[in-house]
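Me: Could you take a close look at one part of this model for me? I'd like to hear about the pockets and what sits around them.

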Amino acid sequence: MSKVPVAVLGATGNIGQRFVSLLQDHPTFEIAALASSERKVGGSLKAFWRLDDVPLAPHVASMELQPLDLGVLRKHDVVAAFSGLPSEIAGDIEMDAARVGVRVFSNASAHRMDPDVPLLVPEVNPNHLRLVERQPAFREGGFVVTNPNCSITGLALPLKPLVDSLDLTDVHVATYQALSGAGYPGVPSLDITANVIPFIEGEEEKMRREAKKILGSLSDGILPSPIDVWANCARVAVRDGHLEAVSIPLKDEIPAGEIAHLLSSFRGEAQVQQLPTAPNQPVIVRAEANRPQPLLDLMAGEPARARGMAATIGRIRVVERVVRFFVLSHNTIRGGAGGSVLNAEFAHRRGYLD
Ligand SMILES: NC(=O)c1ccc[n+]([C@@H]2O[C@H](COP(=O)([O-])OP(=O)(O)OC[C@H]3O[C@@H](n4cnc5c(N)ncnc54)[C@H](OP(=O)(O)O)[C@@H]3O)[C@@H](O)[C@H]2O)c1
């Protein structure tokens, strides 16, 4: 069976390069076009490649960077587009592409809160995918699916089994967010070297708003979850990986071992369907007192294609009916490109790319 031709929009960026690394040898998708800003059109991705852990495949390295334009998508018979565009650019082009029948899987925030756009994490809210059928573009076969902000994606994975089993109302979280979360070139080195910046514009509000949609229930649209996520977000001098310190008040005293079991035994639809980029175990619990750490646990997830797709939990404690733990997830893989690729694999399995 031939593979599905796809484009990467914003291919030279942090998320775009992760898209390319995950798609260049994908079993279902094949890269048909790479788009960048006008500044780099006509060049090759090889000149801008920054992922020293993943070699760029020769057939992709030799592709010419294309302008961000519907004509390029048509010319290459693109069925699905993966967007790593800045939000202010993504808004129009993603909808325009959907209107001409392209299935768009986006990392940008532009459409995340649109009522008929899924904010999808296949392990958490797989039934939200059906929202695409309400989008006007769906008449042409196109649609937009978004994945959540990188800091809430890593938290949504452990929250799902806890929310399903326990009576929770409030989640308190302090984040230690990596530099790559700010795009390329990101935070000026003089601002972040030997420093922590206790402010990431809009992040705390996004975490609260997006958690309500992801954990919400689907009826006539999404009914927001009553759960409130109260975040304090900070940027730290780490290259990749968002670490988060989580505190959740419980109604009843529950042993830490029981929480650990709920988390490590959690499996979602992505695991049931054995999607290529789904980690066998989406939430990994570590027993060591000093884990998870970005340097050691960033690439958690098996099989090889799912490296960086699992969230790692550590230091689970329950004291006076408050459970506390740390969670680490890869912001440009699980919280970025890998999340979108998993969404596309799920949509493909459900027949939405036919
Ligand atoms: N980084 C993360 O951890 C993360 C996680 C989740 C979601 N996101 C979201 O994902 C998106 C991309 O983030 P990023 O970190 O990859 O940003 P980035 O490194 O700044 O990359 C942005 C990409 O968009 C392209 N671009 C910029 N302006 C353009 C224009 N006018 N026309 C066409 N292309 C243009 C850039 O091309 P040039 O290289 O040619 O400038 C580059 O390929 C953002 O919406 C971000 O909020 C990021």
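Reply: Here's a walk through the pockets, followed by the domains and a few residues worth a look.

Keep in mind that this is a predicted model. Let's start with the largest pocket, which holds about 1200 Å³ of space. There are 42 residues lining the largest pocket, and those closest to its centre are Gly 84, Leu 85, Pro 86, Ser 87 and Gly 183. If you sort the lining of the largest pocket by class, you get 12 nonpolar, 20 polar and 10 charged residues.

Where does that lining come from? Three helices, α1 (14-23), α4 (87-99) and α7 (203-214), each put in at least two residues. The largest share belongs to α4, with 3 residues. On the domain level, domain 1 (4-148 + 337-349) and domain 2 (150-331) each give at least three residues to the lining of the largest pocket.

Next up is the second largest pocket, with a volume of about 430 Å³. It is lined by 20 residues, and the ones closest to its centre are Asn 14, Arg 50, Ser 180, Arg 239 and Asp 240. The class split for the second largest pocket is 6 nonpolar, 8 polar and 6 charged residues. The second largest pocket lies between domain 1 and domain 2, because both of them give residues to its lining.

That brings us to the domains themselves. The protein is divided into domain 1, made of 4-148 plus 337-349, and domain 2, which covers 150-331. Their C-alpha centres are 24 Å apart. As for how they meet, 31 residues of domain 1 are in contact with 40 residues of domain 2.

Thr 332 ties in nicely here. You'll find Thr 332 in the loop between β14 (322-329) and α11. Setting aside residues up to four places away in sequence, Thr 332 touches Ile 15, Arg 18, Ser 180, Asp 240, Ala 337 and Gly 338. Two of those names should ring a bell: Ser 180 and Asp 240 are among the residues closest to the centre of the second largest pocket. Thr 332 has a relative accessible area of 3%, so it counts as buried, the cut-off being under 20%.

Carry on along the chain and you get to helix α11 (residues 333-349), where Asn 343 lies. Asn 343 is buried too, because its relative accessibility is 1%. The side chain of Asn 343 reaches the backbone oxygen of Leu 120 at 3.2 Å. Leaving out residues up to four places away in sequence, Asn 343 touches Phe 105, Leu 120, Val 121, Pro 122, Val 145, Thr 146 and Asn 147.

Gly 221 is another buried spot, since its relative accessibility is 11%. Gly 221 belongs to strand β9 (residues 221-223). The C-alpha atoms of Gly 221 and Pro 115 are separated by 6.6 Å, even though the two residues are 106 apart along the chain. Again skipping residues up to four places away in sequence, Gly 221 touches Leu 131 and Arg 134.

Now for some backbone geometry you may want to have in mind if you set up calculations on this model. There is a cis peptide bond between Tyr 184 and Pro 185, with omega at about 0 degrees. Pro 185 sits in the loop between β6 (170-177) and α6 (189-192). Another cis peptide bond joins Arg 291 and Pro 292, and there omega is about 5 degrees. Pro 292 is in the loop between β12 (283-285) and α10 (294-297).

On the phi side, Asp 77 is not a glycine, yet it has a positive phi of about 50 degrees. Asp 77 is in the loop between α3 (70-75) and β3 (80-83). With a relative accessibility of 58%, Asp 77 counts as exposed, which takes a value over 50%. Gln 274, also not a glycine, has a positive phi of about 50 degrees. Gln 274 is placed in the loop between α9 (269-272) and β12, and its relative accessible area of 66% makes it exposed.

Notes
Residues are numbered from 1 along each chain as its sequence is written. This is a predicted model: local features need pLDDT of at least 70, side-chain atom pairs count only at pLDDT 80 or more; totals for chains, interfaces and linings use all residues. Side-chain values use heavy atoms; hydrogens and water are left out. On a 1 Å grid over the protein atoms alone, a cavity is a set of points where a 1.4 Å probe fits but cannot get out, and a pocket is an open set with protein on both sides within 12 Å along at least five of seven lines; lining residues have an atom within 4 Å of a point. Grid points are joined across faces, edges and corners, and a volume is the space filled by probe spheres set on the points. Helices (H or I, at least four residues) and strands (E, at least two) are DSSP runs, numbered from the N terminus. Ala, Val, Leu, Ile, Met, Phe, Trp, Tyr, Cys and Pro count as nonpolar, Asp, Glu, Lys and Arg as charged, and the others, Gly among them, as polar. Domain bounds come from an automatic or database domain assignment. Buried means under 20% relative accessible area, exposed over 50%, partly exposed in between (1.4 Å probe, protein chains only). A polar contact is a pair of N or O atoms within 3.5 Å; within protein, one must be able to donate a hydrogen and the other to accept it, and residues adjacent in sequence count only if both atoms are side-chain atoms. Contact means heavy atoms within 4.5 Å.
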